[in-house]
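Thanks for sharing this one with me. Here are my notes, set out as numbered points so that you can follow them with the coordinates open.

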Amino acid sequence: MRVVIGEDSLLLRQGAIRLLEHDGMEVCGQAGDLEDLLRKVRGHKPDVVVTDIRMPPNHVDEGLQAAEIIRSELPGTGVLVLSQYVEQSYVTRLLAGGAEGVGYLLKDRVAEGRRFAEAVRQVAGGGSVLDPEVVAEMMGRRAEGDPLEELTAREREVLALMAEGRTNRAIAAELYLSERAVERHVTGVFTKLGLQSDGLEHRRVLAVLRYLEAAA
């Protein structure tokens, strides 16, 4: 798997590179500003791009700009955006074009080597990943009458963990359930959200997107 990293902090960039290479990925390019990042991505055409949300020249939303451009020019390339803070407006903007192959993590997760690498692989494979703090904040904003109100409490828990990019096995471990029980809950989520059987991974992404749209 080939990765390009955009991060203006040399220390964080080198740390991310070491973690990903230790996990068997090839970091084929690195950049410290928006222009250089886009140049490296266009040149290397990686499987996934990991980018800080704020970089030179303006330190505002360069990572989101990069994500939008990359998804337009190279739709098969995953984009994982790293942020210092939980910004729901940024998440909403990032997912405006769909949840496939995108992720939003807080920078603190980079220190969690295995989890960070799993998130990169999830996004590269077309899945979606959200930081647990983002999910928790969205759960706290749930309103009456939202399209997910038919889900049971357990199904909501399962969907929230799906939004974090967890596999059924990881969800089972987190909730102390069997994988078969998790599969039943996932099926219940799909059924109640009206998602047809056209590929498990695609339906997981659509379910997460439905969840985010309702929470926004």
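**Notes on the model**

1. Let me start with a backbone detail: Lys-45 sits in the loop between helix 2 (34-44) and strand 3. This residue has a positive phi of about 45°, although it is not a glycine. Most residues other than glycine have a negative phi. Lys-45 counts as exposed because its relative accessibility is 53%, and the cut-off for that class is over 50%. Please keep in mind that this is a predicted model.

2. Tyr-176 is another non-glycine residue with a positive phi, here about 55°. Its place is the loop between helix 8 (168-175) and helix 9 (179-192). With a relative accessibility of 75%, Tyr-176 counts as exposed.

3. Which two residues are joined by a cis peptide bond? They are Pro-56 and Pro-57, with omega at about 20°. Pro-57 belongs to the loop between strand 3 (48-52) and helix 3 (62-73). For context, most peptide bonds are trans.

4. Now the overall picture. The chain contains 10 helices and six strands. Of its 216 residues, 50% count as buried. Among contacts with a separation of 6 or more, 65% are between residues 24 or more positions apart.

5. Strand 1 (residues 2-6) is worth a look. Four of its five residues are buried, so the strand is largely enclosed by the rest of the structure. Strand 1 runs parallel to strand 2 (residues 26-31), and five bridges join the two. One place to see the pairing is Arg-2, whose bridge partner in strand 2 is Glu-26.

6. The largest nonpolar core has 44 residues, and those touching the most other members are Leu-37, Tyr-104, Met-162 and Ala-207. Helix 7 (residues 153-163) gives the most to this core, with five residues. Another core lies apart from it, with 19 residues, including Ile-17, Val-48, Val-110 and Ala-117.

7. What does Ala-207 touch, leaving aside its neighbours within four places in sequence? Its contacts are Leu-159, Met-162, Val-189, Phe-190, Leu-193 and Leu-195. In helix 7, the buried residues are Glu-155, Val-158, Leu-159, Ala-160, Leu-161, Met-162 and Ala-163. Leu-159 and Met-162 are thus both buried in helix 7 and in contact with Ala-207. As a reminder, residues three or four places apart in an α-helix point the same way, because there are 3.6 residues a turn. Helix 7 is followed by Gly-165, which has a positive phi near 85°.

8. Finally, the pocket that may interest you. The largest pocket has a volume of about 290 Å³. It is lined by 17 residues, and the closest to its centre are Glu-118, Ala-119, Glu-164, Gly-165 and Arg-166. Gly-165, the residue with positive phi after helix 7, is therefore worth viewing again here, as one of those closest to the pocket centre.

9. Where does the pocket lining come from? Helix 5 (113-124) and strand 6 (128-130) are the elements that give two or more residues to it. Helix 5 gives the most, with six residues. By residue class, the lining of the largest pocket divides into seven nonpolar, three polar and seven charged residues.

Key: Residues are numbered from 1 along each chain as its sequence is written. This is a predicted model: local features need pLDDT of at least 70, side-chain atom pairs count only at pLDDT 80 or more; totals for chains, interfaces and linings use all residues. Side-chain values use heavy atoms; hydrogens and water are left out. On a 1 Å grid over the protein atoms alone, a cavity is a set of points where a 1.4 Å probe fits but cannot get out, and a pocket is an open set with protein on both sides within 12 Å along at least five of seven lines; lining residues have an atom within 4 Å of a point. Grid points are joined across faces, edges and corners, and a volume is the space filled by probe spheres set on the points. Ala, Val, Leu, Ile, Met, Phe, Trp, Tyr, Cys and Pro count as nonpolar, Asp, Glu, Lys and Arg as charged, and the others, Gly among them, as polar. A nonpolar core is a set of buried Ala, Val, Leu, Ile, Met, Phe, Trp, Tyr and Cys residues joined through side-chain atoms within 4.5 Å. Buried means under 20% relative accessible area, exposed over 50%, partly exposed in between (1.4 Å probe, protein chains only). Contact means heavy atoms within 4.5 Å. Two strands pair if DSSP finds at least two bridges between them.
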